[in-house]
Amino acid sequence: MSDLLERLRERGWRLTSQRRVVAEVLDGEHVHLTADEVHARAAERLPEISRATVYNTLGELVTLGEVIEVSTDGRAKRYDPNAHHPHQHLICTGCGAIRDVHPLGNPLTDLPADQRFGFALSGAEVTYRGLCPACAG
């Protein structure tokens, strides 16, 4: 069983066949699919699943905090099931590929006190951008 499915089952989230297939599609490392990609893969497993059901399920998963919505410079939003493991993203500015990365240090503590402007920090998002080997080559 996938990590996401296991978390949803522990929360008591009602796992209909449609919800289950969406969660199964999102399983794996470095998964950052668009809603359309989730729908296409889900429809391979469950042909009757509607686009609206996929969008609604993704919205619920984001609201539950089980999936992270990743926006990348005007491209379609992507959905990351790695919500419970702190990480940052590395994005190819050519093709839009996204990888999870784990840089050294903590972005919350690395920000100098004089750059916090009195804010009580609760989170940080760091996005690294560049060209992947395929686009750079």
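Biologist: A nonpolar core is a set of buried Ala, Val, Leu, Ile, Met, Phe, Trp, Tyr and Cys residues joined through side-chain atoms within 4.5 Å. With that in mind, which residues of the largest nonpolar core touch the most other members?

Modeller: Please note that this is a predicted model. The largest nonpolar core has 21 residues, and V22, L26, V38, I49, L58 and L61 are the ones that touch the most other members.

Biologist: Which elements give two or more residues to this core?

Modeller: They are α1 (3-11), α2, α3 and α4 (51-64). The largest share comes from α2, which supplies four residues.

Biologist: Is there a general reason for such a cluster?

Modeller: In soluble globular proteins, nonpolar side chains tend to be buried together.

Biologist: Take L26, then. What is in contact with it, leaving aside its neighbours within four places in sequence?

Modeller: L26 is in contact with L4, V31, V38, L58, L61, V67, Y79 and P81. Of these partners, V38, L58 and L61 were already named among the core residues that touch the most other members.

Biologist: Let us step back. How many helices and strands does the protein chain have?

Modeller: The protein chain has six helices and six strands. Read from the N terminus, the order of elements is α-α-β-α-α-β-β-β-β-α-β-α.

Biologist: What box do the C-alpha atoms fill?

Modeller: Taken along the principal axes, the box is roughly 55 × 40 × 25 Å. The chain has 137 residues, and buried residues make up 33% of them.

Biologist: And what share of the contacts joins residues at least 24 apart?

Modeller: The share is 46%, counted among contacts between residues at least 6 apart in sequence.

Biologist: Back to α2. Which of its residues are buried?

Modeller: In α2, the residues R19, V21, V22, A23 and V25 are buried. The buried residues of this helix pack against α1, β1 (33-34), α3 and α4.

Biologist: We could go through the helices one by one. How do the axes of α1 and α2 cross?

Modeller: They come within 8 Å of each other and cross at roughly 140°. The two helices are therefore oblique to each other. On the α1 side the contact is made by L4, L5, L8 and R9, and on the α2 side by R20, A23 and E24. Four of these residues are nonpolar, none is polar and three are charged.

Biologist: How do the axes of α2 and α3 cross?

Modeller: Helix α2 spans residues 17-25 and helix α3 spans residues 35-45; their axes come within 9 Å and cross at roughly 120°. This pair is therefore oblique as well. The crossing is right-handed. Residues V21, V22, E24 and V25 of α2 make the contact with V38, R41, A42 and R45 of α3. By type, this contact has five nonpolar, no polar and three charged residues.

Biologist: V21, V22 and V25 appear together there. Is there a general reason why spaced residues share a side of a helix?

Modeller: An α-helix has 3.6 residues a turn, so residues three or four places apart point the same way.

Biologist: That leaves α4. At what angle do the axes of α2 and α4 cross?

Modeller: The angle is roughly 70°, and the axes come within 10 Å. That makes α2 roughly perpendicular to α4. This crossing is right-handed. Here Q18, R19 and V22 in α2 meet T53, V54, T57, L58, E60 and L61 in α4. The residues of this contact divide into four nonpolar, three polar and two charged.

Biologist: R19 caught my attention. Is R19 buried or exposed?

Modeller: R19 counts as buried, because its relative accessibility is 15% and the cut-off for buried is under 20%.

Biologist: What does R19 touch, not counting residues up to four places away in sequence?

Modeller: R19 touches W13, R14, T57 and E60. As for R9, ten residues from R19 along the chain, the two C-alpha atoms are separated by 11 Å.

Biologist: One last residue: where is S17, and how does it count for accessibility?

Modeller: S17 is placed in helix α2. Its relative accessibility is 44%, so S17 counts as partly exposed. Its C-alpha atom is separated by 18 Å from that of V67, which is 50 residues away along the chain.

Definitions and conventions. Residues are numbered from 1 along each chain as its sequence is written. This is a predicted model: local features need pLDDT of at least 70, side-chain atom pairs count only at pLDDT 80 or more; totals for chains, interfaces and linings use all residues. Side-chain values use heavy atoms; hydrogens and water are left out. Axes are lines fitted to C-alpha atoms, for helices over the stretch in contact, and angles run from 0 to 180 degrees between N-to-C directions. Angles under 35 degrees count as roughly parallel, over 145 as roughly antiparallel, 65 to 115 as roughly perpendicular and the rest as oblique. A crossing is left-handed if the near helix is turned anticlockwise from the far one by less than a right angle, and right-handed if clockwise. Contact means heavy atoms within 4.5 Å. Ala, Val, Leu, Ile, Met, Phe, Trp, Tyr, Cys and Pro count as nonpolar, Asp, Glu, Lys and Arg as charged, and the others, Gly among them, as polar. Buried means under 20% relative accessible area, exposed over 50%, partly exposed in between (1.4 Å probe, protein chains only).
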